[in-house]
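Biologist: Hi, could you walk me through this one? I'd like to know how the inside is put together.

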Amino acid sequence: AGDIPSCTLEKRYRHADGRIIWGLLTVSLSRDARGRPECLIAQLVDITQQKSAEADRDAFFALSADLLAIAGTDGYLAQVNPAWTETLGWTADELTKQPFIAFVHPDDLAPTLAEAERIYRGGVARGFRNRYRHADGSYLWLEWSVHAAGDGLLYCSVRDVSRQVENEEGLRRQERKIRLLIDHANDAFVGMDDEGVITEWNKQAEAMFGWSVQEALGRPMAELMAPV
């Protein structure tokens, strides 16, 4: 006897106790030696627990404030949660119909492709940052955590860190301004930590005390200023 390809579908059934259970129904047609239909063969597998786990996963996926995504090794995002649309303005369809690299800032393409290649080989990404294009044409800084699963899929948790990056850059600009003020001050400037170890030593301090920056930094002030 020969069989034609089977038909498989998921169906809900009512249990005798009133519960609704999920079943995976597989039906195939068996034929006799002459190829005539002989009988239908049906197999039913209880997949209620699997469907419940999927529902829990989908609820978590939809409600998460973080940007969650499942990606394939083909360079496309296969599934994204609503937080992507809320953050970047693109619809889920727009985000999954183009390669993810199409949204990356041109200056971040090379490091992003290198990181993606490393992850595809079985690596894990934690804290990788790149700029992603918003629907209005601007760019947001995203921080990626990605795990490559054994099923060939990549599971991504992504955060918008644009405000954090902006604050960090502001601090760096402030530090550069302070450094310029220190380096060009007319007076000696000496900075120390809580233990009296020198952390700042400008040119005027070199001229006043005779110790170079290289000699002074990292040493206790008391050691340099020991009484004669």
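Modeller: Happy to; we can go through the cores, the aromatic rings and a couple of single residues. Keep in mind that this is a predicted model.

Biologist: Sure. How many residues are in the largest nonpolar core, and which have the most contacts inside it?

Modeller: That core has 26 residues. Those with the most contacts inside it are Leu-77, Trp-84, Leu-88, Tyr-132, Trp-144 and Cys-156.

Biologist: Which helices and strands each supply at least two residues of this core?

Modeller: On the helix side, helix 2 (82–88) and helix 4 (109–120) do. The strands are strand 5 (67–72), strand 6 (77–80), strand 7 (124–133), strand 8 (139–148) and strand 9 (153–160).

Biologist: And which strand gives the most?

Modeller: Strand 8, with 5 residues.

Biologist: What does Trp-84 contact, leaving aside its neighbours within four places in sequence?

Modeller: Quite a list: Leu-67, Leu-68, Ala-69, Leu-77, Gly-89, Leu-95, Tyr-132, Trp-144 and Val-158.

Biologist: What other core lies apart from the largest one?

Modeller: Another core, of 6 residues, lies apart from it. Its members include Ile-198, Trp-201, Ala-216 and Met-221.

Biologist: On to rings, then. How many aromatic pairs does the structure hold?

Modeller: It holds 6. One of them is Phe-103 with Tyr-132, a stacked pair at 5.6 Å centre to centre and 20° between the planes.

Biologist: Where in the chain do those two sit?

Modeller: They are 29 residues apart, so to speak in distant parts of the chain. Phe-103 is in the loop between helix 3 (92–96) and helix 4, whereas Tyr-132 is in strand 7.

Biologist: Is Phe-103 buried or exposed?

Modeller: Phe-103 counts as buried because its relative accessible area is 0%, under the 20% cut-off. Tyr-132 is buried too, with a relative accessible area of 0%.

Biologist: Which residues do ring pairs link into a cluster?

Modeller: Trp-84, Trp-90, Phe-103, Tyr-132 and Trp-144.

Biologist: What sits over the ring of Trp-211?

Modeller: The charged end of Arg-219, 5.1 Å from the ring centre.

Biologist: Changing topic to Arg-12: is it buried or exposed?

Modeller: Arg-12 is exposed because its relative accessible area is 59%, over the 50% cut-off. It lies in strand 2 (residues 7–14).

Biologist: What does Arg-12 touch, not counting residues up to four places away in sequence?

Modeller: Arg-12 touches Ile-20, Ile-21 and Trp-22.

Biologist: And what separates the C-alpha atoms of Arg-12 and Asp-108?

Modeller: They are separated by 48 Å, with the two residues 96 apart along the chain.

Methods:
Residues numbered from 1 in each chain as written. Predicted model: local features only at pLDDT ≥ 70, side-chain atom pairs only at ≥ 80, totals over all residues. Heavy atoms only, no water. Core = buried A, V, L, I, M, F, W, Y, C linked by side-chain atoms within 4.5 Å. Buried < 20%, exposed > 50% of the residue type's maximum accessible area, 1.4 Å probe, protein only. Helix = DSSP H or I, 4+ residues; strand = E, 2+ residues; numbered from the N terminus. Contact = heavy atoms within 4.5 Å. Phe/Tyr/Trp six-rings, centres within 6.5 Å; stacked < 30°, edge-to-face > 60°. Lys NZ or Arg CZ within 6 Å of the ring centre and 35° of its normal.
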